[in-house]
Amino acid sequence: MSRNGYILKESDLLPLSLGAALLGTGGGGNPYIGMLRLRELLRKGASVAVLPLEAIGDDDWIGSVGGIGAPVVGIEKIKQGQECFRALRAVEEAMGVRCSALISAEVGGSNSIEPILAAAYAGLPVVDGDGMGRAFPEVQMSTFFIYGLDPSPGAITDDKGNVVVFKKVVDMFWLERFARHIAVDMGAGAGFATAPMKGAYVKRVAVPGTLTQALEIGRTIMDARAKRHNVVERLLEKTGATLFFIGKVADVRRELKGGFSMGEARLTGAGEHAGAEARIAIQNENLVLYVDGVAKLIVPDLIMNLEMETGEPITTEMLRYGQQLAVIGIPAHDLMKTPEALKVVGPEAFGYPELEYVPLARSK
């Protein structure tokens, strides 16, 4: 990729949404509706450039936006479309700055599309990277906050035009707490913007190249389908993922709790895993994979459910009884595995203090 990056084309949108759904580890929101909205903007003449990290200036202001709430709500509560754009303008006004580019807080699911939508409305490029290399359920779980970003100001907006600005919050945990409460009042789905960051900081702490990674994963899925290859095998080869379980969804339990989709999925084994049982703990995203009661794959490593025949990434809100799934794991980026990061995104942060995180090795 050149220093100037590339322009997103309409033909990029489907593979981007597929790859983002996979990197979303079950969460981040379903990207399909956002993809349709972005497609219409491009057809009306909008243009969005994707810039590599090295192309942004050290003194440029970089904005970070995304959706906040429970992904399951997004199926029925369709966004107006400009929530994140309005949140961006609110934090710019609060700081007295104008952003030169946008970056995703998380590359997973619909939150890979949200910054691109906001960038299209604002006439800005997007940065090829994000703050997680996947999706996580809470605001503070990004490299931007883990490595020191001041959480003030922040802004949250809804589809009706309400804008709430957090002028001063003590730390990132308070920002999550306040924003989550207001998101619930807004219908458990809203647009969110955090404090703009200097380019030098973004270049140091962002997970690089993740928009392009999502694009390439999606292209691999589409190419494998077109050539009638085994899509799961192609994805394992492309991503360095490990196959952990093959089976059928036997039960899904979900509830909306505190602005999150909480629950678990149970699978009965098939093929080489016949006779085994798996359980996946969920908080918006897939957190822990248990096989026969033993934790085999643990957050922050990426746990993904793929439909066996098509390789379609199945987000947590789309899990259904009877689906035939392959459960795969991809190692988290090194920025998410430092001692500082594990305090915020490791198993104990999600209520699993009894689990020891052992980093997953890449399979190739």
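Which residues of α8 are buried? Keep that in mind as you open the viewer, and we will get there at the second stop.

Before you start, note that this is a predicted model, in which local features need pLDDT of at least 70, side-chain atom pairs count only at pLDDT 80 or more, and totals for chains, interfaces and linings use all residues. Residues are numbered from 1 along each chain as its sequence is written, and side-chain values use heavy atoms, with hydrogens and water left out.

**Stop 1: helix α1**

Select residues 10-23 to show helix α1. Helices here are DSSP runs of H or I with at least four residues, strands are runs of E with at least two, and both are numbered from the N terminus. The 14 residues of α1 reach 21 Å from first C-alpha to last, close to the 20 Å expected at 1.5 Å a residue; the expected span is 1.5 Å times one less than the number of residues. Since 11 of those 14 residues are buried, α1 is largely enclosed by the rest of the structure. Buried means under 20% relative accessible area, exposed over 50%, and partly exposed in between, using a 1.4 Å probe and protein chains only. Among the buried residues, try colouring D12, P15 and G19. Just after the helix, click on T25, which takes a positive phi of about 50 degrees.

**Stop 2: helices α8 and α9**

Now select residues 210-226, helix α8, whose 17 residues reach 24 Å between the end C-alpha atoms, close to the 24 Å expected. Here is the reply to the opening question: T210, L211, T212, A214, L215, I217, G218, T220, I221 and A224 are the buried residues of α8. R228 follows the helix and has a positive phi, near 55 degrees.

Add residues 231-239, helix α9: the axes of the two helices come within 9 Å and cross at roughly 150 degrees. That makes α8 roughly antiparallel to α9. Axes are lines fitted to C-alpha atoms, for helices over the stretch in contact, with angles from 0 to 180 degrees between N-to-C directions. Angles under 35 degrees count as roughly parallel, over 145 as roughly antiparallel, 65 to 115 as roughly perpendicular and the rest as oblique. To see where they meet, show side chains including I217, I221 and R225 in α8, with V231, L235 and K238 among their partners in α9. Contact means heavy atoms within 4.5 Å.

**Stop 3: the sheet**

Next, show the open sheet of seven strands, with the order β14-β13-β12-β11-β10-β16-β15 and antiparallel pairing. Its edge strands, β14 (294-298) and β15 (302-307), each pair on one side only. Neighbouring strands are turned by 35 degrees against each other on average, direction ignored. Two strands pair if DSSP finds at least two bridges between them.

Select β10, residues 242-257, and look to each side. With β16 (residues 324-330), β10 pairs in the antiparallel sense over six bridges, and L243 stands opposite I328 there. With β11 (residues 260-269), β10 shares 10 antiparallel bridges, and V249 faces L267. Moving on, β11 joins β12 (residues 277-283) through seven bridges, again antiparallel, with G263 opposite I282.

**Stop 4: E255**

Finish on E255, in strand β10. Is E255 buried or partly exposed? At 41% relative accessibility, E255 counts as partly exposed. Leaving out residues up to four places away in sequence, E255 touches F260, S261 and M262. For a distance to check, E255 and Q283 lie 28 residues apart along the chain, with their C-alpha atoms separated by 9.8 Å.
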